[in-house]
Amino acid sequence: MKKTLSIAVAGLLVIGLAPAAHAVSTAQVSARDVYAGYAQLSAQETEGRDYRRVQRVPRGARVAHIAIHGGAIEAPTSQLADQAAGRRHAYYSFEGIKASGNSALHITATHFDEPKALAVVAGVDYTISWHAAAGTGATTYVGGRDTALIKKVKAELRAAGFPVAASVPTEIGGTSTRNIANRNRRGMGVQLEISRGQRERFFDGGKLTRAWVENPANRTNAFYRYVAAVNRALG
């Protein structure tokens with residue numbers, strides 16, 4: 001039986017628990033996914049054992065920070081989105097919590113149709129979708145359809161000392177209208193693809209293991225400066 005734990009706290013809806021993690025590139029196309037969508041995944045995987053869904057939706061939130069490949073699918077996207085959302089913005093994470101093989105839970109952003117995620121995004125004006133990309137160098141690929149916000153995010157990251165790629169590979173460009181990042185009220189969002197080299201700088205020793213990234217004590221100052229830069233772009 002698949003079960004979801006839901007707790008209402010101070011006007012927030014909280015589903016699930018804390019994130020987990022390891023790194024996988026998001027430069028994957030739907031043909032490589034095991035499941036074509038959430039219905040197929042949920043029919044084969046057990047919520048609470050293999051994956052969990054976590055969300056907070058403060059009343060009146062206009063921004064959502066989401067990690068659709070969270071937990072042990074792509075590290076540390078859950079932690080970044082959670083920190084960025086805080087208690088002001090909406091937060092959603094689909095988290096792989098298997099002991100191994102969490103890459104099988106990857107559903108590409110244009111096919112990601114988990115109902116709770118769609119509802120969170122549909123209720124806001126701005127979306128930041130956090131992803132992990134390959135690459136040993138420190139860089140961020142900033143894609144999506146919200147060109148004005150993309151420009152601001154790039155400027156804030158660069159001003160904070162974080163390298164930003166001059167161009168974004170098509171497969172991680174995030175420009176499709178079907179991409180969940182672009183399914184908010186304005187029909188446009190931002191997709192952050194953060195290289196492994198950059199993500200390693202967010203944790204002491206560059207470790208991205210599940211236990212390590214779950215412990216906030218292992219975060220470096222770069223983790224917090226990066227999140228703050230993204231939020232400055234949102235105003």
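A search of the whole structure, which is a predicted model, finds 11 aromatic pairs. Two of them make a good starting point, and the table sets them side by side.

| Pair | Arrangement | Centre to centre | Angle between the planes |
|---|---|---|---|
| Tyr 51 and Phe 94 | stacked | 5.1 Å | 25 degrees |
| Phe 202 and Tyr 226 | edge-to-face | 5.1 Å | 70 degrees |

**The stacked pair and its strands**

Let's take Tyr 51 and Phe 94 to begin with. Tyr 51 belongs to strand E3 (residues 51-56) and Phe 94 to strand E5 (residues 90-96), so this pair links distant parts of the chain, 43 residues apart. Are these two rings buried or exposed? Tyr 51 has a relative accessible area of 0%, so it counts as buried, and Phe 94, also with a value of 0%, is buried too.

The strand around Tyr 51 is just as well covered. In E3, 6 of the 6 residues are buried, so the rest of the structure largely encloses this strand. Tyr 51, Arg 53 and Gln 55 point to one side of E3, while Arg 52, Val 54 and Arg 56 point to the other, and all are buried. E3 and E5 run antiparallel and are joined by 6 bridges. Across from Phe 94 in E5 stands Arg 53.

**The edge-to-face pair and its neighbours**

Now for Phe 202 and Tyr 226, which are both buried. Phe 202 sits in the loop between H5 and helix H6 (210-214), and Tyr 226 in helix H7, so their pairing ties together parts that are 24 residues apart in sequence. These two also belong to a wider group: ring pairs link Trp 130, Phe 162, Phe 202, Phe 203, Phe 223, Tyr 224 and Tyr 226 into a cluster. Another ring has a charged companion, as Lys 207 lies over the face of Trp 212, at 3.7 Å from the ring centre.

Tyr 226 also leads us to Gln 198, a residue of helix H5 (residues 196-200). With a relative accessible area of 2%, Gln 198 is buried. Leaving aside residues up to four places away in sequence, Gln 198 touches Gly 137, Ala 138, Thr 139, Thr 140, Phe 162, Pro 163 and Tyr 226.

**Strand E7**

Thr 140, one of the contacts of Gln 198, brings us to strand E7. This strand is mostly covered, with 5 of its 5 residues buried. Thr 140, Val 142 and Gly 144 point one way from E7, and Tyr 141 and Gly 143 the other way. E7 pairs with E8 in the antiparallel sense, over 5 bridges, and within E8 the bridge partner of Thr 140 is Ile 194.

**Helix H4 and its covered face**

Strands E7 and E8 appear again around helix H4. What covers the buried residues of H4? The cover includes strand E6 (126-133), strand E7 (140-144), strand E8 (190-195) and helix H7 (221-234). The residues they help to cover are Leu 149, Ile 150, Val 153, Lys 154 and Leu 157. Viewed down the axis of H4, these buried residues fall within an arc of 140 degrees, so they line one face of the helix. A general rule helps here: an α-helix has 3.6 residues a turn, so residues three or four places apart point the same way. On the other side of H4, Lys 151 and Ala 159 are exposed.

The length of H4 can be checked as well. At 1.5 Å a residue, its 13 residues (147-159) should span 18 Å, and the end C-alpha atoms are 18 Å apart, which agrees. Just after H4, Gly 161 takes a positive phi of about 95 degrees.

Methods:
Residues numbered from 1 in each chain as written. Predicted model: local features only at pLDDT ≥ 70, side-chain atom pairs only at ≥ 80, totals over all residues. Heavy atoms only, no water. Helix = DSSP H or I, 4+ residues; strand = E, 2+ residues; numbered from the N terminus. Buried < 20%, exposed > 50% of the residue type's maximum accessible area, 1.4 Å probe, protein only. Contact = heavy atoms within 4.5 Å. Expected span 1.5 Å × (residues − 1). Arc of directions from axis to C-beta. Pairing = 2+ DSSP bridges. Phe/Tyr/Trp six-rings, centres within 6.5 Å; stacked < 30°, edge-to-face > 60°. Lys NZ or Arg CZ within 6 Å of the ring centre and 35° of its normal.
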